[in-house]
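Me: I would like to go through this model feature by feature. Keep the replies brisk.

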Amino acid sequence: MTLLTPLWLWTLLFLALYFVYLRQRGRGVVWNLRSVLLMTAIGLGIVALARPVSLQEPVSIEQRGSDVIFAVDISHSMQAADIAPSRLAAAKSLLSSVVEADDANRFGVLAFTTNPVILSPLTRDDELLLHLFAGLDTSMVMTRGTEIGGALKLARKLSRSEHPIVVLLTDGGDSLGYSQEAAQARAAGLIVNVVMLATPSGGTLKAEDGKLLRDEEGGIVVTARNSAIGAIADATGGVVIDGADAGALAAAIKAQGMQDVREKRKIILYREYFYYPLALALLLAMLGMTDLLSRLGGRRA
């Protein structure tokens, strides 16, 4: 026997402290049969909320889903704040929302600038992925610039699925065209979605000294979205999502999923017992809030 939500039991301590407080203020509870019944009903109700259960034998189930690979642009331009609070922070929040709401698909994560690196192989371990997203930072950047082709090539190597789904979280990089990358992704069977994390007007960047980043001629550097990258999504059956829209991304992944990844998982079943204390609590509350006991006592007399 164990409790699924044991924190509710702390409520009993807070109630006890409250009654002690009332007693010290001269407003203690008058204890009689009615108050005892009501207090016991409240206590049993709290025990029901703590959800007492007994563990059953683990059961093996086959789970079907798709492979989804997140490719996160961690180039210096992802520090821009035209997407609040920053492009990279918005990407991290989006990834956490999608993973927490999806228990069917496997997720892999890679980061890229001019070179890609695998941060996580394909997994359904939500806790691992959420911890990983929290640690994403542009301080991981070793090189400047953005190179999409390498990220797509590495994403293809991560999955054996015929058509894995790739999600590029980027501001579009700085290339004038992506026809070569689009052809590469299509030939590899990738379905590439682009989450565009930049605005047309763009944003400024800060240098290491905290001042605005300037170019060699002294002008303030402004980095804006590069919509050319949408060509990769167009060529592979993916979509371009404007901003950190978790709902739109989840809908796209659901529509594109091939359900061609099968895994056996063990799940633990519970037998619930909350209805026993709950039923007793309702009975005692009914007796304590009505004069039923008095009537029963009168008939016996």
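Me: How many aromatic pairs does a search of the whole structure find?
Reply: This is a predicted model, where local features need pLDDT of at least 70, side-chain atom pairs count only at pLDDT 80 or more, and totals for chains, interfaces and linings use all residues. Residues are numbered from 1 along each chain as its sequence is written, and side-chain values use heavy atoms, with hydrogens and water left out. Rings of Phe, Tyr and Trp (its six-membered ring) pair if their centres lie within 6.5 Å; planes under 30 degrees apart count as stacked, over 60 as edge-to-face and the rest as tilted. On that basis, the number of aromatic pairs found is six.

Me: Are the rings of tyrosine 273 and tyrosine 276 stacked or edge-to-face?
Reply: A pair of aromatic rings is described by the distance of the centres and the angle of the planes. Here the centres are 6.2 Å apart and the planes stand at 20°. The pair of tyrosine 273 and tyrosine 276 is therefore stacked.

Me: What are the rings of tyrosine 275 and tyrosine 276 called as a pair?
Reply: Their centres are 4.9 Å apart, with the planes at 55°. Tyrosine 275 has a relative accessible area of 38% and is partly exposed, whereas tyrosine 276 is exposed at 55% (buried means under 20% relative accessible area, exposed over 50%, partly exposed in between; 1.4 Å probe, protein chains only). Given its angle, the pair of tyrosine 275 and tyrosine 276 is called tilted.

Me: Which residues form one aromatic cluster?
Reply: Two tyrosines of the cluster, tyrosine 275 and tyrosine 276, have their ring centres 4.9 Å apart. The cluster is formed by Tyr273, Phe274, Tyr275 and Tyr276.

Me: Which element gives the most to the largest nonpolar core?
Reply: A nonpolar core is a set of buried Ala, Val, Leu, Ile, Met, Phe, Trp, Tyr and Cys residues joined through side-chain atoms within 4.5 Å. The largest has 28 residues, and Phe70, Phe133, Val167, Leu169, Val195 and Leu249 have the most contacts inside it. At least two residues each come from E4, H3, strand E5 (106–112), helix H4 (126–134), strand E7 (165–170) and helix H8 (246–256); helices (H or I, at least four residues) and strands (E, at least two) are DSSP runs, numbered from the N terminus. With seven residues, the element that gives the most is H3.

Me: How many residues does the second, separate core have?
Reply: Its members include Ala151, Leu154, Leu168 and Ile232. The size of this second core is 23 residues.

Me: How many residues apart in sequence are the parts tied together by glutamate 272 and arginine 51?
Reply: The two form a salt bridge (a side-chain nitrogen of Lys or Arg within 4 Å of a carboxyl oxygen of Asp or Glu), with the closest N and O atoms 2.2 Å apart. Arginine 51 also has a positive phi of about 55° although it is not a glycine. Glutamate 272 lies in strand E13 (residues 270–272) and arginine 51 in the loop between helix H2 (33–49) and strand E2 (52–55), so the separation in sequence is 221 residues.

Me: Are arginine 106 and aspartate 67 buried or exposed?
Reply: They form a salt bridge, with the closest N and O atoms 2.9 Å apart. Arginine 106 sits in strand E5 and aspartate 67 in strand E4, 39 residues apart. Both residues are buried.

Me: Which residues are linked in a network of salt bridges with Arg87?
Reply: Arginine 87 and aspartate 82 meet at 2.8 Å, N to O, and both are buried. Leaving aside neighbours within four places in sequence, serine 77 is in contact (heavy atoms within 4.5 Å) with Arg87, Asp171, Leu205 and Thr223. The residues networked with Arg87 are Asp82 and Asp171.

Me: Which peptide bond is cis?
Reply: Most residues other than glycine have a negative phi, and most peptide bonds are trans. Proline 85 is found in the loop between E4 and H3. With omega near -5°, the cis bond runs from alanine 84 to proline 85.
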